[in-house]
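User: I'd like a close look at one part of this structure, please. Take your time and connect the details as you go.

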Amino acid sequence: MSSESEERTITWEEVKKHNSAESLWVVINGKVYDVTEFAKEHPGGDEILLEHGGTDSTQDFEDVGHSTDARELQKRFLIGKIGIVNDTPPACCGLTCSWQKWVYPAIIVGLIGIGIFVAYKLRK
């Protein structure tokens with residue numbers, strides 16, 4: 001990993017192109033990694049990396065609970081950081097975005113609480 005890699009800004013458009021065994025990039029915590037050569041050595045198999053190629057894999061990477069050694073090894077594949085200006089990240093689907101995991105349940109609990117409060121007040 002060089003400081004040049006850390007400074008290189010890569011667009012989502014470019015990342016999305018690298019989603020095959022011939023060229024495989026993933027984004028984790030805003031950093032872009034070229035895992036093409038590592039895919040065959042990946043302990044979880046190359047299929048999982050191919051499935052996430054060209055996407056933001058942060059949530060799945062964190063959910064697995066990678067070891068300190070894995071996080072150290074990850075640094076070897078850093079090629080840049082994701083661009084933000086005039087750039088659109090891949091759309092979230094389902095409850096994969098971290099903010100959705102707490103916002104939706106909070107809204108539901110809040111609405112239930114309001115419903116219970118109103119029902120209680122109407123009974124009096």
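Which residue in strand 4 is the bridge partner of isoleucine 28? Please start there and work outwards through the sheet and whatever surrounds it.

Analyst: Happy to, and one caution before we begin: this is a predicted model. The bridge partner of isoleucine 28 in strand 4 is lysine 31. That pair belongs to the contact between strand 3, residues 23-28, and strand 4, residues 31-34, which run antiparallel and share 4 bridges.

Lysine 31 is a good place to turn outwards, since a bridge partner is found for it in strand 5 as well, namely lysine 81. Strand 4 and strand 5 are joined by 3 bridges, again in the antiparallel sense. Lysine 81 in turn is the bridge partner of threonine 9. With that step we reach strand 1, which pairs with strand 5 in the parallel sense over 2 bridges. So a walk along bridge partners leads from isoleucine 28 to lysine 31, from lysine 31 to lysine 81, and from lysine 81 to threonine 9.

Now for the sheet as a whole. Its 5 strands are arranged in the order 1-5-4-3-2, the sheet is open, and the pairing is mixed. Strand 1 (9-10) and strand 2 (19-20) form the edges; each has a single partner strand, so one side of each lacks a neighbour in the sheet. Strand 5, residues 78-82, has 4 of its 5 residues buried, so the rest of the structure largely encloses this strand.

What lies against the isoleucine 28 end of strand 3? Threonine 58 touches Val27, Ile28 and Asn29, leaving aside residues up to four places away in sequence. This threonine belongs to helix 4, residues 58-64, and is buried at 17% relative accessible area. Its side chain also makes a polar contact, at 2.6 Å, with the side chain of aspartate 56. Threonine 58 therefore combines a buried position with contacts to Val27, Ile28 and Asn29.

Next, the loops that flank strands 4 and 5. The structure holds 1 aromatic pair. Its members are phenylalanine 38 and phenylalanine 77, in a tilted arrangement with 5.2 Å between the centres and 40° between the planes. Phenylalanine 38 sits in the loop between strand 4 and helix 3 (46-52), and phenylalanine 77 in the loop between helix 5 (68-74) and strand 5, so the pair ties together parts 39 residues apart in sequence. Phenylalanine 38 is buried, with a relative accessible area of 12%, and phenylalanine 77 is likewise buried at 12%.

Finally, the charged pairs. The whole structure has 4 salt bridges, and these include three worth a look here. Aspartate 46 and lysine 40 have their closest N and O atoms 3.2 Å apart; the aspartate is buried at 17%, whereas lysine 40 is exposed at 71%. Glutamate 62 forms a salt bridge with arginine 71 at 2.8 Å, N to O, and here glutamate 62 is partly exposed at 31%, as is arginine 71 at 30%. Glutamate 14 and lysine 17 form a salt bridge as well, with 3.7 Å between the closest N and O atoms. In that pair, glutamate 14 is partly exposed at 26%, while lysine 17 is exposed at 54%.

Conventions:
Residues numbered from 1 in each chain as written. Predicted model: local features only at pLDDT ≥ 70, side-chain atom pairs only at ≥ 80, totals over all residues. Heavy atoms only, no water. Pairing = 2+ DSSP bridges. Salt bridge = Lys/Arg side-chain N within 4 Å of Asp/Glu carboxyl O. Buried < 20%, exposed > 50% of the residue type's maximum accessible area, 1.4 Å probe, protein only. Polar contact = N/O pair within 3.5 Å; in protein donor to acceptor, adjacent residues only side chain to side chain. Contact = heavy atoms within 4.5 Å. Phe/Tyr/Trp six-rings, centres within 6.5 Å; stacked < 30°, edge-to-face > 60°.
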